[in-house]
Amino acid sequence: MLTSPHILLLSGSLRTASSNEVVLRTAAAVAPAPLRTVRYDGLAALPHFNPDDDTDPLPASVAELRAAIADATALLICAPEYAGTLPGSFKNLLDWTVGGTEICDKPVAWINAAAPGRGQGAEATLRTVLTYTGATIVEAACRRLTVDRGTLDADGLIGDPDAREQLAETLNLLAAPDHQPPAPPL
Ligand SMILES: Cc1cc2nc3c(=O)[nH]c(=O)nc-3n(C[C@H](O)[C@H](O)[C@H](O)COP(=O)(O)O)c2cc1C
C-alpha cells in the first residue's frame, strides 16, 4: 500500500499495444516531482460484477481495487471507446466501485486519446457513471490527446512537448488541494 500522495492511473484497454496505455505511461514519466503516479493493473483480474458477490469478504481483486482507489489522491482514467461507449471490462470496474464509498468525492479526470471527432461516447459514459458514483470530476484536468504512433520517442512515449506539458498539467490539477474532500472531523 502506498499512502503518500499519488495519482492512480487506470487504463480502460487490455490491449498490449494500447494507445491509452501510452498516454498513461507518458503521464507517469512527466509527473512533476514530488507528485507520484501508481498504475492500476488489475483490470483483467476483476470478476464479472455480481451484486451477490459485493459482500464481505469481497473477491480479493475487488478489495485491491477499492484499496487502490482509497489510497489515491486522485484518479486519472484513459479509456478507449468500444461500440459507442466504454469497453465492457472498464464499465465492469466502475460497477465494482458503486458498492464502496472509496470513489465518493475522489477527484477524477480522463484523457480522451481517440482520433479527432471520436471517443465522445466513452467520455459521455464516463461522465454519467462517475457522476453516479459521486466522484468529483475535475473538468479542467480532462483532456483530448490523440496519440500519433509515428511520433513516439525511443521509449514508446509521447514525445510532443505540448502533449507532455498538458499531461503534467492534468496531474497538477488533479492533485490540487482545492479538489480534495474535506478532512473528517476530529
Ligand atoms: C470492438 C471495438 C469497437 C470500437 N468501437 C469504437 C467506437 O465506437 N468509436 C470509436 O471512436 N472507436 C472505436 N473503436 C476503436 C478504438 O477505440 C481504438 O482502436 C482505440 O485506439 C483502442 O484503444 P487502445 O489503443 O488503448 O486499445 C473500436 C475498437 C474495437 C476493437
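Two residues are in contact if their C-beta atoms, placed from the backbone, lie within 7 Å. With that in hand, let's work through some exercises.

The model is predicted: local features need pLDDT of at least 70, side-chain atom pairs count only at pLDDT 80 or more, and totals for chains, interfaces and linings use all residues. Residue numbers start from 1 along each chain as its sequence is written.

**Exercise 1. Find the inward side of α2.**

Which residues of α2 are buried, and what do they pack against?

Step 1. Locate the helix: α2 spans residues 60-71. Helices (H or I, at least four residues) and strands (E, at least two) are DSSP runs, numbered from the N terminus.

Step 2. Look at its span. The 12 residues of α2 reach 16 Å from first C-alpha to last, close to the 16 Å expected at 1.5 Å a residue; the expected span is 1.5 Å times one less than the number of residues.

Step 3. Pick out the buried positions. A residue is buried if 20 or more other C-beta atoms lie within 10 Å of its own, exposed if 12 or fewer, and partly exposed in between. In α2, V62, L65, A68 and I69 are buried. These residues sit on the same side of α2, because they cover an arc of only 125 degrees around the axis. The arc is that of the directions from the helix axis to the C-beta atoms.

Step 4. Recall the helix repeat: an α-helix has 3.6 residues a turn, so residues three or four places apart point the same way.

Step 5. Name the partners. The buried residues of α2 pack against β1 (6-11), β2 (36-40), β3 (74-78) and α3 (88-98).

**Exercise 2. Do the same for α3, then visit N92.**

Which residues of α3 are buried?

Step 1. The buried residues here are F90, L93, L94, W96 and T97. Viewed down the axis of α3, they fall within an arc of 155 degrees, so they line one face of the helix.

Step 2. Among the elements covering these residues are α2 and α4.

Step 3. Now turn to N92, which is also in helix α3. N92 counts as partly exposed because 15 other C-beta atoms lie within 10 Å. Leaving out residues up to four places away in sequence, N92 touches L46, H48 and F49.

**Exercise 3. Explore the largest nonpolar core.**

Which residues of the largest nonpolar core touch the most other members?

Step 1. A nonpolar core is a set of buried Ala, Val, Leu, Ile, Met, Phe, Trp, Tyr and Cys residues joined through C-beta atoms within 7 Å.

Step 2. The largest one has 47 residues, and I7, V23, L75, L76, I77, C78 and L174 touch the most other members. At least two residues of this core come from each of β1, α1 (19-30), α2, β3, α3, β4 (107-112), α4 (120-133) and α5 (161-175).

Step 3. Zoom in on C78. Beyond its neighbours within four places in sequence, C78 contacts S11, G12, N20, V23, L24, W110, I111 and A113.

**Exercise 4. Describe the ligand shell.**

How many residues surround the ligand, and which are the closest?

Step 1. A residue is near a molecule if its C-beta atom, placed from the backbone, lies within 6 Å of it.

Step 2. The ligand is surrounded by 14 residues, the closest being S13, S18, N20, P80 and R118.

Step 3. Sort the shell by class: four residues are nonpolar, seven polar and three charged. Here Ala, Val, Leu, Ile, Met, Phe, Trp, Tyr, Cys and Pro count as nonpolar, Asp, Glu, Lys and Arg as charged, and the others, Gly among them, as polar.

**Exercise 5. Spot the unusual backbone.**

Where are the cis peptide bonds and the positive phi values?

Step 1. Start from the background: most residues other than glycine have a negative phi, and most peptide bonds are trans.

Step 2. One cis bond joins A33 and P34, with omega about 10 degrees; P34 lies in the loop between α1 and β2. Another joins D56 and P57, with omega about -5 degrees, and P57 is in the loop between β2 and α2.

Step 3. A83 has a positive phi, near 50 degrees, and lies in the loop between β3 and α3. A83 counts as exposed because it has 9 C-beta neighbours inside 10 Å.

Step 4. D105 also has a positive phi, near 65 degrees, in the loop between α3 and β4. With 14 C-beta neighbours inside 10 Å, D105 counts as partly exposed.
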